[in-house]
Amino acid sequence: MEMHWRIITVGKPALTWARLGMEDYFHRLRRVAKVEHVVIKEGPRDQVEGQLLNASADSLRVVLDERGKAYRSLELARWIEQKDLHGTKRASLIIGGADGHSESFRKQADECWTLSTFTLQHEIALVVLAEQLYRAYSILRNEPYHRE
């Protein structure tokens, strides 16, 4: 079974290098998984969070936040493997805007992950997330991309 990944961000990448990095990793990922990028327009946080909830409604909802659980690359690969084994069809990975996520929004998530204990600008978080998903799949496929 193939997981369908929905990466949801607030705002499109404006930095050229971030957009190119995201596109590169999404292109690589699409060889092994379904990936879509959904963009929510910036606005008041409560309005944005309502749109984020709607966009992720039919899936496992994972919020990216510096207070979330940290995974090593190998652990993320195993997480993906377990979700596949248990029949998870869709996962939405949600990167917030400049205001981050409210506590009530984080509580509505199935999981909360962190990419770093640093607060990351959302375009940087998008590139890091795309790269880590690609890395996880390269681990699962025993490809030489990842080195331990």
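Where in the chain is the place of Y71? In this predicted model, Y71 sits in the loop between β3 and α3, the helix that spans residues 73–85. Y71 has a relative accessible area of 24% and is therefore partly exposed, since that class covers values between the 20% limit for buried residues and the 50% limit for exposed ones. Although 44 residues separate Y71 from L115 along the sequence, the C-alpha atoms of Y71 and L115 are 7.9 Å apart in space.

The strand that precedes this loop, β3, covers residues 60–70, and β3 also takes part in the lining of the largest pocket, to which it gives the largest share, 4 residues. The volume of the largest pocket is about 310 Å³. Its lining is made up of 19 residues, and those lying nearest the centre of the pocket are L64, D65, E66, T119 and L120. Helix α5, which runs over residues 122–140, supplies at least two residues of the lining, as does β3. In terms of residue character, the lining of the largest pocket divides into 7 nonpolar, 9 polar and 3 charged residues.

D65, one of the residues nearest the centre of the largest pocket, is also a partner in a salt bridge with R67, in which the closest N and O atoms are 2.9 Å apart. The two partners of this salt bridge fall into opposite classes of accessibility. D65 has a relative accessible area of 6% and so counts as buried, a class that requires a value under 20%. R67, by contrast, has a relative accessible area of 52% and therefore counts as exposed, a class that requires a value over 50%.

Besides the pocket, the structure holds 1 cavity of 30 Å³ or more. The volume of the largest cavity is about 80 Å³, and its lining consists of 13 residues, of which R45, V48, G97, D99 and G100 lie nearest the centre. Helix α2, made up of residues 45–55, contributes 4 residues to this lining, which is the largest share. The lining of the largest cavity comprises 4 nonpolar, 5 polar and 4 charged residues.

Over the whole structure, a search finds 12 salt bridges, and the pair formed by R67 and D65 can be set beside two pairs that lie within helices. In helix α1, R19 and E23 are 4 residues apart, about one turn of the helix, and their side chains meet in a salt bridge with an N to O distance of 3.8 Å. Both partners are classed as partly exposed, because R19 has a relative accessibility of 31% and E23 has one of 37%. In helix α3, E81 and R78 are separated by about one helical turn because they are 3 residues apart, and the side chains of E81 and R78 form a salt bridge at 3.5 Å, N to O. Here, too, the partners are partly exposed, with a relative accessible area of 33% for E81 and of 40% for R78. Salt bridges also join into a network, which links R6, E36, D58 and R90.

A further feature of the surface is a nonpolar patch formed by L15, W17 and I124, which together have about 280 Å² of accessible area. L15 is located in the loop between β1, residues 4–10, and α1, residues 16–29. With a relative accessibility of 34%, L15 counts as partly exposed, and this value also passes the limit of over 30% that a residue needs in order to belong to a patch.

Towards the end of the chain, N142 is found in the segment after α5. The backbone angle phi of N142 is near 55°, which is a positive value in a residue other than glycine. N142 has a relative accessible area of 70% and is therefore exposed, as this value lies over the 50% limit for that class.

Terms used. Residues are numbered from 1 along each chain as its sequence is written. Side-chain values use heavy atoms; hydrogens and water are left out. Patches are made of residues with over 30% relative accessible area and no salt bridge: like charges are joined within 9 Å, nonpolar side chains (Val, Leu, Ile, Met, Phe, Trp, Tyr) within 5 Å. Accessible areas come from the Shrake-Rupley method with a 1.4 Å probe; for residues, only the protein chains shown count as cover. A salt bridge is a side-chain nitrogen of Lys or Arg within 4 Å of a carboxyl oxygen of Asp or Glu. Buried means under 20% relative accessible area, exposed over 50%, partly exposed in between (1.4 Å probe, protein chains only). On a 1 Å grid over the protein atoms alone, a cavity is a set of points where a 1.4 Å probe fits but cannot get out, and a pocket is an open set with protein on both sides within 12 Å along at least five of seven lines; lining residues have an atom within 4 Å of a point. Grid points are joined across faces, edges and corners, and a volume is the space filled by probe spheres set on the points. Ala, Val, Leu, Ile, Met, Phe, Trp, Tyr, Cys and Pro count as nonpolar, Asp, Glu, Lys and Arg as charged, and the others, Gly among them, as polar.
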